[in-house]
Amino acid sequence: MTYTLHGPESAIAIFPALVRLYAVVYSEPPYTEGPEQVAGFAGGLPDESRRPGFTLVAAEDTGDLVGAAYGWTMAAGRWWTRADIEPPADLRAAEKFAVMEWVVRPDRRGEGIGAELIRRLLDGRPERWATLASNPAAPARAVYRRAGWQQVGGSAMPDGTPMHLLVLPLPAAPIRHR
């Protein structure tokens, strides 16, 4: 298994495989997304990659993408747009790393790939918190709970699908000496 960290420029090469992986993962319940949603995801990737702090980690096995996680920096003072409650003031006031996707091919789950992806994605981040939105009906929700993610609110997707807003405190980024 090879894990590769990508910034905005190198991530573009991964996008076609990421879209295929997204289509497989999100075709499963509770998501049951189809071609229209996959096309929307694919169309949004270029804009996502231009957000501040964008980082993607890819897991490949013999050249096939089996997992990926990416996100970007949510600025201090910002929070999820459809949140049902305000987050604690210190959380809103801090920069956060918003994990936008964290996916593993269904036939490769349970191998620790997802845990390694998120570890590498969050390792050394300068933000104090990581945050993500999770469908409460998704099996991944139990994985997040075991990993220490805590729910701080809820929201809903434009189609009305409920989401849990989760946060994870991050260790202070190490001081790098020159």
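**A predicted fold seen through histidine 164, helix H5 and two loop and helix residues**

The side chain of histidine 164 makes a polar contact of 3.3 Å with the side chain of glutamine 151. The coordinates that show this pairing belong to a predicted model. A second polar contact, of 3.0 Å, joins the side chain of histidine 164 to that of arginine 141. Histidine 164 itself is part of strand S7, which comprises residues 162-169. Leaving aside residues up to four places away in sequence, histidine 164 touches Leu132, Ala133, Ser134, Pro136, Arg141, Gln151, Gly153 and Gly154. Both polar partners, Arg141 and Gln151, appear in this set of touching residues.

The setting of strand S7 can be read from the fold as a whole. The protein chain contains six helices and seven strands. Taken from the N terminus, their order is β-α-α-α-β-β-α-β-α-β-α-β-β. The C-alpha trace spans about 50 × 40 × 30 Å along its principal axes. For 178 residues, a compact globule would have a radius of gyration near 16 Å, and the value for the protein chain is 16 Å, so the two agree. Buried residues account for 42% of the 178 residues. Of the contacts between residues at least 6 apart in sequence, 65% join residues at least 24 apart.

The outer face and the charges complete this overview. The protein chain exposes about 9500 Å², of which carbon and sulfur atoms supply 55%. There are 19 positive and 20 negative side chains, and the centres of these two sets lie 5 Å apart.

Within the fold, helix H5 deserves separate attention. Why is helix H5 described as largely enclosed by the rest of the structure? Seven of the 10 residues of helix H5, which covers residues 113-122, are buried, and the helix is therefore largely enclosed. The buried residues are Ile113, Gly114, Glu116, Leu117, Ile118, Leu121 and Leu122. An α-helix has 3.6 residues a turn, so residues three or four places apart point the same way. The cover over the buried residues of H5 includes strands S1 (2-6), S2 (55-61), S3 (64-74), S4 (96-104), S5 (129-134) and S7. Strand S7, which holds histidine 164, thus returns here as one of the elements covering H5. Just after H5, glycine 124 adopts a positive phi of about 75°.

Two further residues differ in their exposure to the surroundings. Serine 49 belongs to helix H3, residues 35-49. Because its relative accessible area is 5%, and buried means under 20%, serine 49 is classed as buried. A polar atom of the serine 49 side chain lies 2.8 Å from the backbone oxygen of proline 46. Serine 49 also touches Pro8, Phe15 and Phe54, not counting residues up to four places away in sequence.

Aspartate 159, by contrast, counts as exposed, because its relative accessibility is 63% and the exposed class begins over 50%. Aspartate 159 is found in the loop between strand S6 (150-156) and S7. The side chain of aspartate 159 makes a polar contact of 2.7 Å with the side chain of threonine 161. With respect to valine 24, aspartate 159 is 135 residues away in sequence and 20 Å away in space, C-alpha to C-alpha.

Note on methods. Residues are numbered from 1 along each chain as its sequence is written. This is a predicted model: local features need pLDDT of at least 70, side-chain atom pairs count only at pLDDT 80 or more; totals for chains, interfaces and linings use all residues. Side-chain values use heavy atoms; hydrogens and water are left out. Helices (H or I, at least four residues) and strands (E, at least two) are DSSP runs, numbered from the N terminus. The radius of gyration is taken over C-alpha atoms; the globule rule is 2.2 Å times the number of residues to the power 0.38. Buried means under 20% relative accessible area, exposed over 50%, partly exposed in between (1.4 Å probe, protein chains only). Contact means heavy atoms within 4.5 Å. Accessible areas come from the Shrake-Rupley method with a 1.4 Å probe; for residues, only the protein chains shown count as cover. Lys and Arg count as positive and Asp and Glu as negative; His and the chain ends are not counted. The place of a charge is taken as NZ of Lys, CZ of Arg, CG of Asp or CD of Glu. A polar contact is a pair of N or O atoms within 3.5 Å; within protein, one must be able to donate a hydrogen and the other to accept it, and residues adjacent in sequence count only if both atoms are side-chain atoms.
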